[in-house]
Amino acid sequence: MTTAETNAQLAFRDWYASTKPKALRPDPSPEERQRPFAKYYFEDIPPPDPAHYAMMDKPCDPSKAIGPERMNDLLKPGDLDVEIGWCNLPNGAGFIANRMVYPEVTAEMVDWWFAWHPLEDLRYRIWYPPQHAGIMLSPEGRKRILDPKVPLQEKNWGVVHHVTEDCNCGMENIDIHFMSPKDFGFDMSRWKEPYVSTFAGGYGWAVAVEKTDASITAPALMCHIFRPHAKGLEHRTRFWMGYRFSQGKPELTLPPGVSVPVAAVQGLARHNVCEFTRWGRFLPRIYKELGHGMLC
Amino acid sequence: MPIKLMAASRRRPGLTRAEYFRYLEYYHGTIARQERLKIRSYVQNHVIDGAFGVLEDEYHQQVADRDAVVEIQFDTFPDMIATLEPATPSAASQDGKFFAEERNNIIVMAEEEEVPVPSPLPAFNPGLGIVTGVGALKVLLYVMRADDVYREDYYQYFREAHDHALQQAPYAREQLRRCVMNKRCRANDNDAAARKHFKMVDPPVYDMIVTHWYDTLEQAGAFRQYYEALRRFPKSFANWSKSFYLYTRQVPIIRDTPVS
């Protein structure tokens with residue numbers, strides 16, 4: 001049976017060729033405008049809270065940031081020294097922390113969203129239309145996401161989202177390899193509420209859509225971890241730019257003496273605040289409308 | 001081992017294979033031992049024979065000539081970069097031009113993934129049985145990804161094809177002592193400086209090199225049986241016309257005895 005969700009599949013070479021025109025963010029096609037979620041693309045996008053956004057104006061104190069080897073500090077009750085901010089770590093890596101509290105979002109909504117949105121370009125674009133250009137899964141990734149036997153929370157484990165987005169340094173193709181929290185390195189003995197409600201994360205490699213011989217393909221670890229909060233659901237983001245996983249452990253993948261450019265760290269930090277401000281506002285509404293499954 | 005560099009080269013014009021191997025082992029290898037830098041281990045794989053493309057091809061679709069593949073392993077990525085790009089250029093980096101046609105090198109920065117095999121120990125003369133997963137014949141299979149297949153599916157399909165091939169190839173199932181998938185690390189994308197240095201023009205990109213170990217060259221037929229079964233796997237994942245394999249003899253330059 002073919003559906004809009006399976007018809008979206010492109011072969012690798014065709015998807016790759018498509019990213020340049022997609023990066024220009026053309027208007028949705030007539031077919032896309034017929035999709036039940038198309039209206040979200042045309043909504044006004046809420047600006048972030050100015051005070052929150054201003055916290056990304058300057059780097060935080062690197063001595064208060066944590067490296068990925070301390071990711072399990074995120075399972076401790078209370079707050080860490082830096083919950084909103086960014087900086088270069090002493091080893092040159094880029095560090096980003098962000099916190100959002102969503103009054104109307106639940107962990108189930110989060111799990112649904114991260115499985116539902118990679119199935120079509122427009123699903124990804126409605127998240128943050130100013131900077132989200134497109135998304136693709138491999139045929140095997142799509143098969144797993146659409147498999148009703150795979151629990152919602154596990155659908156993305158081992159799946160790669162091939163996204164095209166602008167994190168304030170130009171349009172990039174980013175391959176995000178989603179992982180289980182165990183494979184990411186979290187202490188599963190504490191993997192329960194109130195420490196954690198759900199998680200979406202993994203590692204990525206990003207390179208400019210307009211790739212040249214001088215382009216750098218840059219690695220990063222991405223962590224979105226959620227826990228209960230008095231006002232709803234608390235979302236804590238961490239990025240460690242310049243790291244990849246090696247034999248299951250985070251490893252710095254920068255040449256000696258090289259730092260992740262400040263513009264890239266700050267750009268992603270600001271993008272994160274903007275895209276998740278929008279996300280927190282529209283996720284409860286779209287989930288209520290379409291959150292019954294993967295197909296629509 | 002966390003990360004390694006695998007460099008396939010062919011000899012420079014004017015050298016016999018014997019002269020190339022002499023230089024590679026006794027000169028280039030000695031320089032590597034003298035400099036050492038941050039190298040964890042270094043093995044040269046000297047090519048005995050090999051095949052490029054498939055019988056269905058009317059003509060070669062690649063440089064159909066490789067004389068050696070050197071494998072240099074490091075504990076960390078920074079160690080690798082510190083060795084390849086030291087503050088003062090190393091002698092090893094200046095030495096390649098004396099034996100290799102550098103512009104046609106294929107350089108792959110790879111991470112290993114061990115694939116369990118059914119018979120890591122030979123039935124014939126296994127000795128005390130405490131050494132497994134070794135062999136005098138090492139086969140390196142460069143698998144060119146089909147350009148319509150995503151990397152993640154390509155690795156998955158290879159694993160399925162490998163299992164299928166071992167089912168279909170009883171001689172290989174019995175003789176294969178060790179198998180490693182060497183997956184290309186995306187950091188390899190950032191090798192523009194190396195390509196410029198060696199004047200490498202649009203070198204082919206291999207997302208995986210699979211290594212097999214067999215007891216001796218007498219078991220090369222086991223690999224052939226496996227390879228033909230691998231190619232018959234129904235899911236497409238490779239461009240076999242641009243793939244190749246090499247039968248090699250290992251020459252350890254820097255290597256502690258591995259724990260088997």
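Good morning. I begin with the sheet in chain A: eight strands form an open sheet, paired in the antiparallel sense, in the order 1-2-8-7-6-5-4-3. Please bear in mind that we are looking at a predicted model. At the edges of this sheet lie strand 1 (85-88) and strand 3 (132-136) of chain A, each of which has a pairing partner on one side only. On average, and with direction ignored, neighbouring strands are turned by 20° against each other.

Let me now turn to one pair within the sheet. Strand 7, residues 218-229 of chain A, and strand 8, residues 232-241 of chain A, are joined in antiparallel fashion over 10 bridges. As one example, His224(A) has Thr237(A), in strand 8 of chain A, as its bridge partner.

Two helices deserve attention next. Helix 5 of chain A, residues 107-116, packs on the sheet and touches strand 6 (198-208), strand 7 and strand 8 of chain A. The direction of helix 5 makes about 30° with that of strand 6 of chain A. Helix 9 of chain A, residues 262-290, lies across strand 1, strand 2 (94-102) and strand 8 of chain A, and runs at about 15° to strand 2 of chain A. Strand 8 of chain A is thus touched by helix 5 and crossed by helix 9.

Finally, the contact between the chains. Here, 22 residues of chain A are in contact with 21 residues of chain B. On the chain B side, the elements giving two or more residues are helix 2 (77-84) and helix 4 (151-168) of chain B. Helix 2 of chain B supplies the largest share, 4 residues. By character, the chain B side comprises 10 nonpolar, 8 charged and 3 polar residues. Thank you.

Note on methods: Residues numbered from 1 in each chain as written. Chains lettered and ligands numbered in written order. Predicted model: local features only at pLDDT ≥ 70, side-chain atom pairs only at ≥ 80, totals over all residues. Pairing = 2+ DSSP bridges. Axes fitted to C-alpha atoms, helices over the stretch in contact; angles between N-to-C directions. Contact = placed C-beta atoms within 7 Å. Nonpolar A, V, L, I, M, F, W, Y, C, P; charged D, E, K, R; others polar.
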